[in-house]
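Okay, thanks everyone. Let me pull up the model, and then we'll talk through its charged side chains.

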Amino acid sequence: QVQLVESGGGLVQAGASLRLSCAASGRTGSSYNMGWFRQAPGKERELVAAIRWSGGWTYYADSVTGRFTISRDNAKNTVYLQMNTLKPEDTAVYYCAARTFGATMYQYWGQGTQVTVSS
């Protein structure tokens, strides 16, 4: 089992920055892919960014490319999502998730953190 706890959400104005953190515990290790998802009211949950825990691969949705950066700190077992130049359409609940290599779906989820961007 892997436990994930997000933090760092909040209310900001358009153009501001936020950094989300996801602290992982339990059966963590380099054999996981970590992802940040978001879900806005009335919309489906979407994958925003992902990273291989061992490094060497990242993914970004087109809507955040160039503005968001995913990273990890192996020593702290923490994954980050640096969000710059935030837009009102980035408003959503952001979730951290983990899946083992070979799994087709993310198996472990955090509780989510709210990000609200005002115009």
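Quick bit of vocabulary before we start: buried means under 20% relative accessible area, exposed means over 50%, and partly exposed is in between, with a 1.4 Å probe and protein chains only. Also, this is a predicted model, where local features need pLDDT of at least 70, side-chain atom pairs count only at pLDDT 80 or more, and totals for chains, interfaces and linings use all residues. Residues are numbered from 1 along each chain as its sequence is written, and side-chain values use heavy atoms, with hydrogens and water left out.

So, how many salt bridges does the structure hold? Three, where a salt bridge is a side-chain nitrogen of Lys or Arg within 4 Å of a carboxyl oxygen of Asp or Glu.

Start with Glu-46, which is partly exposed because its relative accessibility is 32%. Its partner is Arg-38, with the closest N and O atoms 2.7 Å apart. Arg-38 counts as buried, at 6%.

Arg-38 also has a salt bridge to Asp-90, 2.9 Å from N to O. Arg-38 sits in strand E4 (32-39) and Asp-90 in the loop between strands E8 (78-83) and E9 (92-100), so this pair ties together parts 52 residues apart in sequence. Strands here are DSSP runs of at least two residues, numbered from the N terminus.

Asp-90 is buried too, at 1%. Asp-90 pairs with Arg-67 as well, at 2.8 Å; Arg-67 is in the loop between E6 (58-60) and E7 (68-73), 23 residues away. Arg-67 is buried at 11%.

Put together, Arg-38, Glu-46, Arg-67 and Asp-90 are linked in a salt-bridge network.

Technical notes
Helix = DSSP H or I, 4+ residues; strand = E, 2+ residues; numbered from the N terminus.
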